[in-house]
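Q: Could you take a close look at one part of this structure for me? I would like to start from a single loop and then see how other spots along the chain compare with it in setting.

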Amino acid sequence: MPITANDPNRKTWLETSENTDFPIQNIPFGVFLTRDDVITIGSRIGDFAIDLGALHQLGYFEGIPLTDDIFLQDTLNDFISDGKKTWRLVRNRIADIFDANNEKLRDNEEHRSRVLFTLDEIEMQMPVQVGDYTDFYSSKEHATNVGTMFRDPDNALLPNWLHIPVGYHGRSSSIIPSGIPVHRPQGQTKPKDSDTPVFGPSKRVDFEVEMAFITTDANPLGEPIPIEEAEEYIFGMVLFNDWSARDIQVWEYVPLGPFLAKNFASSISPWIVTLDALEPFRTEGPKPEVELFPYLQSTGKKSFDINLEVSLKPENSEETPLAKTNFKHMYWNMSQQLAHHTVNGCPVNSGDMMASGTISGKTPDSYGSMLELSWKGEKPIKLKDGSERKFIEDHDTVIMRGYCESKGRRIGFGEVSSQLLPVFEPKKK
């Protein structure tokens with residue numbers, strides 16, 4: 001089935017800016033609260049949010065096999081469960097409805113008033129209920145930098161790293177949409193000059209520039225997903241800020257990996273951009289440096305050219321750009337990650353989220369974390385207001401943006417923006 005929504009010549013009757021992240025060729029999916037306090041599943045073109053529940057009730061998806069309530073839910077999980085054929089049919093239809101040459105909705109003022117919202121009339125919600133969350137560690141540059149800092153520079157990568165997409169199973173309860181603040185975590189840390197740990201607020205709170213993909217129902221228990229079929233089960237992608245407490249992590253991560261250092265929060269951009277929308281921006285990733293087992297051998301262009309930026313904004317001050325990197329730097333692609341995740345028969349469900357791990361490039365201005373940018377705090381970063389940062393301070397806001405751009409075409413993710421608040425203080429009774 002062709003992806004007609006991607007037609008680069010298609011124009012929309014909605015007023016949009018030329019450099020919007022959300023042209024009619026994007027058509028992402030999300031969940032929002034409307035001006036009438038109703039939660040609905042929607043899409044977005046330019047600065048307009050589209051109520052898909054209202055569109056469905058008004059008959060605009062006629063001919064597509066959808067249940068009556070598919071867009072009247074508070075998550076996308078059931079829609080994602082319908083599979084790629086349905087996603088593509090719906091996305092193609094939305095593109096047709098808002099095409100400049102289609103007057104059906106354009107010229108129906110009553111329908112438009114029910115379907116369209118400006119962004120200041122909505123409040124974005126978590127787009128999916130995340131059942132399971134996996135965090136990979138798939139940037140060779142990032143893994144090398146961390147290995148150089150904390151182990152042996154001559155053997156920065158652990159022996160398994162070039163053979164498997166290293167990852168760990170994390171929590172899903174604290175994955176939150178953009179705009180929700182995060183409290184500085186507390187936990188145990190071990191000062192260098194002490195033989196015993198201390199308890200208190202983390203002094204090294206960090207961000208990690210990542211992306212995450214969301215899956216559909218994929219496989220029953222015991223059945224692996226072949227690498228050549230992996231993308232059939234990937235709905236789309238979001239920006240992902242995996243907050244980290246580096247001092248807590250150093251003390252706790254041996255022998256079972258991150259725990260409290262990671263599970264206090266991860267922030268995502270609220271609009272899921274489909275793999276179909278990213279199709280024009282496919283690219284090849286790095287070549288394997290060792291021979292891989294057959295189940296990890298992928299062919300074709302399995303990565304995507306996604307520009308990523310991160311900035312830091314102190315309270316009552318302007319933001320300072322910190323780094324620019326690109327998703328195409330990832331050594332392990334999503335197909336390899338999903339094939340590896342399921343090779344032992346682990347089932348994957350609708351709404352599962354799998355993060356890339358920190359995405360760093362080869363140069364210091366492309367590092368994806370404060371840990372690397374300040375090199376463990378040894379090289380403080382100067383901000384526009386004259387202040388310096390080694391790690392994130394209370395009331396700082398971290399802003400990540402991502403977009404694809406080629407031949408005048410742009411598909412973006414918007415942003416994920418989150419402020420770090422002081423340690424949570426319970427209200428006095």
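Where is N316 placed, and which sign does its phi have?

A: N316 sits in the loop that links β20 (307-313) to β21 (320-326), in what is a predicted model. Its phi is positive, about 60 degrees, although N316 is not a glycine. That deserves a second look, because most residues other than glycine have a negative phi. N316 counts as exposed, because its relative accessibility is 76% and the cut-off for exposed is over 50%.

K376 is a good one to view next. This residue also is not a glycine and has a positive phi, of about 65 degrees. Its loop runs between α10 (370-373) and β23 (381-382). With 22% relative accessibility, K376 counts as partly exposed, since buried would require a value under 20%.

Another backbone feature is found in the loop between α7 (246-252) and β16 (266-268), where P255 has its place. The peptide bond leading from V254 into P255 is cis, and its omega is near 10 degrees. As a reminder, most peptide bonds are trans.

From the loops, let us turn to two buried positions. H142 belongs to helix α6, which spans residues 140-150. An unreviewed UniProt entry annotates H142 as "active site", and such annotations may be inferred rather than shown by experiment. H142 counts as buried, because its relative accessibility is 3%. G187 is part of strand β10, residues 186-189, and at 2% relative accessibility G187 is buried too. The C-alpha atom of G187 lies 7.1 Å from that of L260, although 73 residues separate the two along the chain.

Finally, have a look at the surface around D69. This residue is in the loop between α1 (52-57) and α2 (77-81). Together with D68, D78 and D82, D69 forms a patch of negative charge on the surface. D69 is partly exposed, because its relative accessible area is 42%, which falls between the cut-offs of 20% and 50%. UniProt, again in an unreviewed entry, places the feature "domain: Fumarylacetoacetase N-terminal" at residues 25-127. Over residues 25-127, helix makes up 35% of the chain and strand 19%, while the C-alpha atoms at the two ends are 20 Å apart.

Technical notes: Residues are numbered from 1 along each chain as its sequence is written. This is a predicted model: local features need pLDDT of at least 70, side-chain atom pairs count only at pLDDT 80 or more; totals for chains, interfaces and linings use all residues. Side-chain values use heavy atoms; hydrogens and water are left out. Patches are made of residues with over 30% relative accessible area and no salt bridge: like charges are joined within 9 Å, nonpolar side chains (Val, Leu, Ile, Met, Phe, Trp, Tyr) within 5 Å. Accessible areas come from the Shrake-Rupley method with a 1.4 Å probe; for residues, only the protein chains shown count as cover. A salt bridge is a side-chain nitrogen of Lys or Arg within 4 Å of a carboxyl oxygen of Asp or Glu. Lys and Arg count as positive and Asp and Glu as negative; His and the chain ends are not counted. The place of a charge is taken as NZ of Lys, CZ of Arg, CG of Asp or CD of Glu. Helices (H or I, at least four residues) and strands (E, at least two) are DSSP runs, numbered from the N terminus. Buried means under 20% relative accessible area, exposed over 50%, partly exposed in between (1.4 Å probe, protein chains only).
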